[in-house]
Amino acid sequence: MMNYEQEIDRIEAGIDEEKIKKMIFDGSEEAASLQQNKLDQVLKRYNLAVNYCKTDSYDLAYIQIQKVTRLIPDDLNAQLLAALICIHEGKISQANKALERAALLDANNLIVKQYQSEIAVPEEPQEVEEAPKEEKKTVKSKTTEKTQEKAKKTPTTPVKKKQKPEKKQEGSKKVVANGSDYEEVTSNKKGFVYLGVGFLIGVIAMFILVVPTLKSSLQSQYTNKADSYEDQLKAKDSEITSLKEDLKEAEADTKAAEKEAKSYKDGNKDLLEAANEYLKGNTTSAAENLMDINTKILTTDAAKNLYNNIKSATYSKAANSFYNNGLQQWYKKNYSEAKKQFKKAIKADDTNPNYYYYLARTYEADGDSKNAIKNYNEVVKLNKSFVSDSKRRIERLEAEKSTTEKSTEKKATTEE
């Protein structure tokens with residue numbers, strides 16, 4: 001008899017994440033993000049199937065392992081787990097299919113052979129013809145013969161027929177005369193009374209004994225059917241929920257693929273526009289187009305070289321241009337646009353402390369102490385200019401922040 005707990009532990013120990021990763025990533029033309037998503041789904045459902053088995057929820061485990069085997073049909077461990085679940089649930093046909101796929105992956109695997117022998121149909125034992133029984137000699141024949149001989153020897157005497165007794169009718173009773181004795185026979189009415197009483201007792205006994213038992217039996221049957229239907233509904237609900245999750249994941253995968261495809265398309269377009277602007281001498285515009293490109297989409301050496309050449313020729317000049325635009329907006333107190341320009345300057349050149357300092361000043365003027373402190377700290381790290389002023393402003397902002405928090409806590413305590 002198979003020990004399912006031991007088999008589940010053995011399969012769980014045999015899950016090889018590196019092997020699964022190699023199986024998914026090798027030779028696939030899918031995008032890297034889709035491959036990673038597929039790997040995450042496989043490992044998640046693999047672990048769910050094992051955990052469901054451990055909690056004796058084999059019906060839910062079967063749903064999860066089916067999806068795993070569809071995603072990685074060449075994983076021997078997944079096929080074995082699918083077969084084990086089917087064996088436990090009595091799905092012999094599905095178990096045989098899973099074991100056939102496992103045998104194609106490893107024909108000499110001992111576990112595959114063990115599972116196959118577990119569900120093999122034993123041959124029906126051949127019927128052995130019984131030896132003909134010897135006829136028993138009955139004693140009856142001998143006894144009959146003796147009786148017949150005895151009857152021949154014994155003289156027969158004529159048997160007198162009994163005379164029927166004379167009946168006399170007296171009132172409502174019947175009297176039978178037999179010598180000097182008289183036998184009184186009860187009337188038919190009394191017999192009917194006894195019959196009616198007996199029938200009534202039978203009906204009462206039926207209602208007392210039979211009906212409650214029958215009622216209890218029917219109630220038990222209905223309860224069992226209700227429990228069975230409830231279990232089926234729960235299994236169906238679980239399957240529907242799982243399918244809904246799959247649908248959501250599929251939609252998310254589709255959106256991710258569309259987004260990635262769009263990034264490829266937009267990236268190539270931005271690179272082409274950057275090249276055109278650079279040829280026209282528009283340094284700042286060329287740099288802005290490059291900033292919108294995700295470098296991961298640059299898969300060819302030609303595209304990478306073009307990107308790097310334009311970047312080295314434009315970013316330094318563009319950074320200074322963005323910085324000057326930011327200062328103009330800052331003096332006009334147009335802090336939203338100033339922040340955009342300073343951020344572009346930092347993206348083009350993250351080694352200039354002036355860009356961080358005035359971005360911090362913009363956040364401070366706009367009332368965002370958290371981001372202001374963050375950018376003042378960047379100025380301190382670069383340790384070139386505005387260091388002492390940045391430290392002084394950090395201390396003041398943190399002190400104001402601490403005072404505000406204490407005031408808020410005190411107000412909340414008072415209100416309670």
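This tour of a predicted model visits one buried charge and two surface patches.

**Stop 1: D270**

Select helix 9, residues 188–280, and go to D270 within this helix. D270 is buried, yet it has no salt bridge. Show K269 as well: this is the nearest side chain of opposite charge, and it lies 6.6 Å away. That distance is beyond the 4 Å limit for a salt bridge, so the pair does not count as one.

Which residues does D270 touch, leaving aside those up to four places away in sequence? Add N289, D292 and I293 to the selection; these are the contacts of D270.

**Stop 2: the negative patch**

Next, select E5, D9, D56, D59, E89, D227 and D231, and turn on the surface: together they form a negative patch. Two elements give two or more residues to this patch, namely helix 1 (4–13) and helix 9.

Now pick out E89 from the patch. E89 is placed in helix 5, which covers residues 76–89. Its relative accessible area is 34%, so E89 is classed as partly exposed. Patch members need over 30% relative accessible area, and E89 passes because it has 34%.

**Stop 3: the nonpolar patch**

Return to helix 9 and centre on I208, which is found there. Is I208 buried or exposed? I208 is exposed, because its relative accessible area of 56% lies over the 50% cut-off.

To see the patch around this residue, select L200, I204, M206, F207, I208, L209, V210 and V211. They make a nonpolar surface patch of about 760 Å².

Notes. Residues numbered from 1 in each chain as written. Predicted model: local features only at pLDDT ≥ 70, side-chain atom pairs only at ≥ 80, totals over all residues. Heavy atoms only, no water. Helix = DSSP H or I, 4+ residues; strand = E, 2+ residues; numbered from the N terminus. Buried < 20%, exposed > 50% of the residue type's maximum accessible area, 1.4 Å probe, protein only. Lys, Arg positive; Asp, Glu negative; His and termini not counted. Contact = heavy atoms within 4.5 Å. Patch = residues over 30% accessible without salt bridge, like charges linked within 9 Å, V, L, I, M, F, W, Y side chains within 5 Å. Areas by Shrake-Rupley, 256 points an atom, 1.4 Å probe, with all protein chains shown as cover. Charge placed at Lys NZ, Arg CZ, Asp CG, Glu CD.
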